[in-house]
Every structure is written in structure tokens, then in C-alpha cells.
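The following exercises concern the structure shown below. Please attempt each task before reading its solution.

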Amino acid sequence: MNHLRSTTTRLAGSYLAIIMVMSISFSIVLYRTGWMEIGRQLPPRSLYIDQFEAPGPFNDFFRQRIDEGRHDLLMHIVLINILVLLGGAIVSYYLARRTLKPIEEAMEAQARFSSDASHELRTPLTAIRARNEVALRKPKLSLADAKSVIKSNLEEVLKLEKLSDGLLRLTRADGKHLKKKPILLGEIASEAMNQYIEPAQAKDISIEDSVPEMRVEGDADSLIQAVAILLDNAIKYGKHGDTIFLGGEKKGGYARLAVRDTGPGMRASDLPHIFERFFRADHSRTRDGNTGYGLGLSIAKQIVDQHGGEITVESLQGEGTTFTIKLPLLEEA
């Protein structure tokens, strides 16, 4: 924070210096021009010599008035520059804050992201280390115990792999890796649903697919991943016997694909943060032992954003949640 304050002061000082250089330069030009114009007000010498025998008092009067005019002009210019200095300081600080605000937000987001990522990475690593240390302390480690330790380690490694894949996906924000082409959202929804048939059946959850054939331009694999994330979220927090609805419609030049579940829903206070990295709603952290890293919805949002679309959420506690993906429709040939 001290560094940011110092940077703000230096940037504001730079802006103020530019303003004052321009103001003083303009003032010098104005003063020189005014000096010459005021000096031109002195009548020709022949005029008052012809009318007055003693030109001295007449000449002194005009010169005194000219000197007073030049002095007043100088005082006004100095006053204006003082006002410019005071006003420029305020404007410079405001501009410096506006310039640095996005940088500060990016730095804070990066620091928060690094902190959250470090915390999430530390959890499985700590578990692996603890199990291995316990195993090493045993004088005699049976084959069954060794296999159990290896199995547990593999589970944690898979978690680390999933986390690293998610982090890598989030760092690819430019979307240049996407291979976009005309695709049908109905096929995207079907492919995503096929990936989660077994997890859904394991919880006796049914999935109803009624997505119409809507043509959009996009990367099929990425959009399948986005829909799969929404399905995984619905299954993970759904109850046995629930139903997940996949639907869609064309509206206002956009294709809308909705994933609606009848699960526990979310609190209204959680909705503004649901797409933030590593965010997990309190009620979902311990429900049925479900765990996650809070990256899935962030990845889904990033994918949709890279396709020029929008993802929204509507939810009521006890009534379920609906995620809607909105993408530009591709005109029919």
C-alpha cells in the first residue's frame, strides 16, 4: 500500500508538472503579447508636443498608466497560475487514482489468486506428506497398508492434477487457443450430458434434454466443458431422485441454453460471487461431503466470455438453481 501511495504521488506530480508547464508557457506568451499591446496605447510623440508646450507631464501620465496596466496584467497571470496550481493538484491526483485503480485491482486480484491457489495446493500436499510420514514410522509396513497409502496418494495427486488443469485454464484468458466453427448447441448439450450419465445414475438423478438445434460459432470442446461444469455442479449438490432439466430457446438474436436443477439452491448473498475464483457457498462446502476448489464456474464463465456470450444464475433456497448460457446466434446460410 505504501508503494501504491508513493506511485500515486509520483504520477500525480508528473501530471501536475505537465499542467504547470503548459500553464506557464501560455502565461509567458500571454504576458508578452499583453505587454506589447499595452505599450501601443502611448500616443505618438508629435501629438502631445503639438498640443502641449510641456510634454513631460503628459508623457509621464501615459507611461504611468501603461506601467500600471502591465503590473495588473502580471498580477492577474500570477493569480491565475496559483489557481491552476491548486486546481491542477486536485485534478492530477484524481487522474492518478483513475489511472492506477485498474492496476491496483489487478494486483489485488493476482495476490488473492496466488494466496487462494497456494492454500488449495497446500491441502492435498499436506495430506500426502502426513500419510507418508505415518507409513514411514511403522516398523513393519504390510503390503495392504502400503497399497492403501499409495491409493490415498494417487487420490490426492488426481486432485492436484484437477486443480492445476483448472488454474492453467484460467490463465488462458485471451481465447486464442479456441478453434471456432459453426456448431449446434443441441449436440453440445448431448455430449456434455453423456459425460455425466453414470454420476447421475449413481445418485438416481435423471437428466431431461430438450435443447433445440441452435447454431452458434464456437469451440465445441470448450463449450462442452462449460455445460459439463454446470451439469457436474447440479449433480454434485443434487439430492437422490432429483431431475436436471436441459433446455434452450432463441431470443433476440441469441441462443440461450439453460441448466436447471431442483437442488437446495443458493442464498441471495452468494449469487454476486458465484463466478469468482475459489468461491464456495457456505452451505455447499459440507453438503453430502462434497468438496471442490471453486474453479468450475469461473472456468465456465471464462469460456462463455471468450465466445462473446454471457452466463447468468438464478437461484432460490429450497427451490433450485438455473444457469443460463447466452451466445450470439449464427445466421442460417
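**Exercise 1: The sheet**

Task. In which order do the five strands of the open sheet lie, and which strands stand at the edges?

Solution. In this predicted model, the open sheet has five strands in the order β2-β4-β5-β7-β6, with mixed pairing. The next step is to look at the ends of this order. β2 (206–210) and β6 each have a single partner strand and therefore stand at the edges, with one side of each lacking a neighbour in the sheet. On average, neighbouring strands are turned by 15 degrees against each other, direction ignored.

**Exercise 2: One strand pair and a helix**

Task. Determine how many bridges join β5 to β7, and state which strands α5 lies across.

Solution. Eight bridges join β5 to β7, and the two strands run antiparallel. Within this pair, A258 has T324 in β7 as its bridge partner. Turning to the helix, α5 lies across β2, β4, β5 and β7 and runs at about 170 degrees to β2.

**Exercise 3: The nonpolar core**

Task. Which element supplies the largest share of the largest nonpolar core, and which residues touch the most other members?

Solution. The largest nonpolar core has 46 residues, of which L185, V227, L231, I244, L246 and L257 touch the most other members. Elements that each supply at least two residues include α4 (143–171), α5 (185–195), β4 (243–251) and β5 (254–261). The largest share, 10 residues, comes from α7. Finally, consider L257: beyond its neighbours within four places in sequence, L257 contacts residues including L185, V227, L246 and F323.

Key
Residues are numbered from 1 along each chain as its sequence is written. This is a predicted model: local features need pLDDT of at least 70, side-chain atom pairs count only at pLDDT 80 or more; totals for chains, interfaces and linings use all residues. Side-chain values use heavy atoms; hydrogens and water are left out. A nonpolar core is a set of buried Ala, Val, Leu, Ile, Met, Phe, Trp, Tyr and Cys residues joined through side-chain atoms within 4.5 Å. Buried means under 20% relative accessible area, exposed over 50%, partly exposed in between (1.4 Å probe, protein chains only). Helices (H or I, at least four residues) and strands (E, at least two) are DSSP runs, numbered from the N terminus. Contact means heavy atoms within 4.5 Å. Two strands pair if DSSP finds at least two bridges between them. Axes are lines fitted to C-alpha atoms, for helices over the stretch in contact, and angles run from 0 to 180 degrees between N-to-C directions.
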